[in-house]
Amino acid sequence: MTNRILPEQDQSALVVEAGDDWKYPLQLLVVPAIIIIGHLAYMSLSSLVVNYDCAYYLLCAKMLLQGKQPLIDFVDLLPPIIFYLSVPPVWLSQAFQVPIATVWTMTVLGAVLLSFLLSLLVLRSTKETSHQDWLAIGPLMSGFLLFNLILGFHFGQREHIFVLMFFPIFLMRWLRWTHPIGLTINNFFAIFCGSACAIAIFVKPQFLILPLLLELYFSQLPRHQKRWQVLKTPECFSLVITLLLCLVASSFIPNIQIYYSRWVPFVSLGYGAFFAPDPLFMLFFAAPDGEILGSTFLALMVCIAAYFFSQRSVLLGALFVWTIAGLLIYLLQGRGWSYQSIPAVCGYFLLCNVMIVQIAQFLISRIVQLRSGLSRFNPPLWSSDPRQESKRSQIATLVFLTYAVLLLPISTLLVSDSTATATTIQILDDMIASRTKARDTVVVLHTLIPNAHQAQLRLDRQPGCRYIWCFPLRMTEYLKKSNTTKERALREEPRIVSEIIQDIQKSKPELIAIEAFSHDGSDWTLYKSLQQNGILKGSLRDYEPVGGCNKFAIWKRQASKRSSSFGIQQLNKSDPRTIKP
Amino acid sequence: MKQGLITVFEVVLIAAVVCCNCWLIQTPLIDGWSMSLLDKYCQTISDIAFLDRYIKLHPTDWRAYRARAQAYWVDSYWDRVVADSTQALELKKDDVVSRRLRAYSYYQLDKDDASLSDYNILINSGRGEAQDYAYRSLVNSQTKRFESAASDAAIAVKKDSLCAPAYYARGLSEFHGGSDKDALNDAKLACQLDYELPMPYVLMAMIFNKKQKFDRAILMCEAGLQYDPTNGAAHWQIAAAQVNLKDYDKAIDSCTVALSLADHRAEKSGALSTRALAQFHRSRNEEAIADATKALIFDPECLLAYEVRAMSHDRLNHTNEAAQDREAAKRIKERMTSFQNKTSKSDQNNGTAVITKEQREHNKIHESTNTLRPAPSIKDQRSHRK
């Protein structure tokens, strides 16, 4: 059946049917897997960087564990499901008194390992596949592990987790569509992979584009007469059912109606307030938070070449579709942040790996041809005769080695290590550390300084305002510029400021840091906006100014107010009548 | 046996190649290139990330430390500029760029002595440029070495007639010397040469405040704030104008905002003493004394703080304290007057600004709100990122 999509004349020679051939990738990958995962573990555990977005999710998860409610005690433009998913690492960290950065890094490393092992288990089912694809399995898996090495700065981002959860499903679907009906894959693995992928998709529904496009691509392959039966598999059912369950479960999230009634309409109008480059700019992948794509020109060349060679290998075509779908996901989000390109770059990098395998195969076949002095390309080494199995394993090893050697000089051109292009500069950490102590409440009001979340998580300070990042005020400023949305902005702005004031009055933070600079060169700043809306008289009455720190205005709770408020609380507890309103 | 040997050999080979792959895939592309290419990389955070990696691999390369200091300088992370330029200077003692970066960062961090020491080394080595003289002048102004400030500013302008900080420094020293007209001209020139520098606007606001053109002073501060919304000195000068316009509540708020943004002692003492004056006018004498006392912690020679505290003590019948403060204010005034007389003599000789005694008397109260130096922070020189 594979034969129909292969251009070679002697197709039978290129089909692998040996029953034990699945052992090949496993045997071949033991050493690379130990080395790469070991290296990954060393790199991530020695740096223990928690990405700014992950730090934010973990901070909110921590608040959930403290009994705080989403959309009332903390608000974000994302649906709150991600915060619930981040609860287990926080709980583990608290239960075993291990730093959250360590637990988080180990969780993501665990996800990498799990994804790799699941993929290997899926590949056990390889019974009949084209020779090219069979030889590409080792490099593909190795490339998948190598890709994780460049994600240092974005380690654990939603896109990274999605790629990890999607990879086993990708292999599973590839095998399902390229093998005869009745391919045996353990149902438990299939259901687990489907569910895990569905959860990752539910966090960011744009990810659904990738499996949908791939299914569409696979369905166009001249494989099965009853092709729709391939859809009736445990992983498909579990994926759809889990998505539906997530949807139902999300309706039970406390205060979720506030999200849909207030924030979804508001954010959909005001999201343009944040860095919105045009698609052409985005296609250069020169993201403000680092770059993970190596050479854009090379990527284009590889994709064009893959398109023309896609008839040679199903994997090439599938990975080409993955890259295109990843690109759509990246463009659809319209922000150009580099982590959003992770699915696209992963697809592209895996595609490059398979392309290199094709080159390696070509080179080896030429060498064999020259050595044997044959005029015709069909050396016995390439035969699928079971008696030649050991020779085929040798050739697989040789192909893997050639691939790995070919990858050496060009890997830095293909992808870029994110820790070499993005970093976190601790802008408020010293200030917070020196002026507050662990578990103190602090308020950092900012519109796009994600480092603040990392500081609060690392230093164990409690956010004292529902707007852990103050996205709505930047949105109201943006909405004020349009006549159609101005009224809504003017209605929302005082409401948001009064909520900030209420929160500060209620939580009585020890330190307040307010962003005082302009992100885009305009004269609007968060500090100015808050001043115009009366924050000085509203909630900063009990605070004294400390001074500027990296363009933040810093306020510290007055010592006298700290003691007096404590005294009032004590009096209130003892006799409510002693304090007159 | 033969089969086993081949397998072991293959395993070793695979391990070696994969190890190389792990290492190479994480190696920044530029690593094999010349360090001269780093210059174009010194504009963004991503360059800092790259240089972090580079320095790990090449910990003795002074150019890398200097390049990272330059990258931090663009984003105004002064303490990190100091750390990296110190490292660069340890590896190459006579590097002018690192010395300049450190001197400027010390100045931004309000470490006048360290800044002055670096500028002195730089200028004494004969490699000082106009901007070095200009900033040394500003440091001297801050430390009240007005004569040295004036001479440095003059050299700076002479060395480079297109150097905006040089004109600002000269304008500031002229302002301290009482030559408001010249100071205004120099501040205007500084703005024309580099319209994004906020401090010349603040200097103009000070001059307009002194000339009782309070609306124009506020306009100037707002112009400065447009380029640097974090400039505490601009808020302080707005407060000074508001005090003179008898809008005391607003003045108190503006001073509080200035204090929340101020990162220099001069800004803090100026804002506190102006707030003390506004509190005094609001008859909140205790608050006025508290603010003036705080101002004197930041600047023990703050004339306005002594004056306001003396007046507040008077109201509270603290005769001894009032007398002490008045005495201190008198001493500072005498010192200022002697410097202004020297300057006005030289101005008369040059045929430039002449300020009459009547005018000085008339402006007395306004002058007293402005005798402090503005925080000479030339902030926000950051260029926009890619």
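Here is a short tour of the model, stop by stop.

This is a predicted model, where local features need pLDDT of at least 70, side-chain atom pairs count only at pLDDT 80 or more, and totals for chains, interfaces and linings use all residues. Residues are numbered from 1 along each chain as its sequence is written, chains are lettered from A and ligands numbered from 1 in the order in which they are written, and side-chain values use heavy atoms, with hydrogens and water left out.

Start by selecting chain B: it has 20 helices and zero strands (DSSP runs, with at least four residues of H or I for a helix and at least two of E for a strand, numbered from the N terminus). Of its 386 residues, 58% are buried (under 20% relative accessible area; exposed is over 50%, partly exposed in between, with a 1.4 Å probe and protein chains only).

Next, pick Arg53(B) and Asp417(A). Their side chains form a salt bridge at 2.7 Å, N to O (a side-chain nitrogen of Lys or Arg within 4 Å of a carboxyl oxygen of Asp or Glu). Arg53(B) sits in helix H2 (residues 45-57) of chain B and Asp417(A) in the loop between helix H16 (389-414) and helix H17 (429-435) of chain A, so the pair joins two chains. Both residues are buried.

Now hop to Arg466(A) and Glu499(A), another salt bridge, at 3.7 Å, N to O. Arg466(A) is buried at 14% relative accessibility, and Glu499(A) is buried at 8%. Both belong to a salt-bridge network that has Arg262(A) and Asp503(A) among its members.

Last stop: Arg63(B) and Asp61(B), in a salt bridge at 3.6 Å, N to O. Here Arg63(B) is partly exposed at 38%, while Asp61(B) is buried at 12%.
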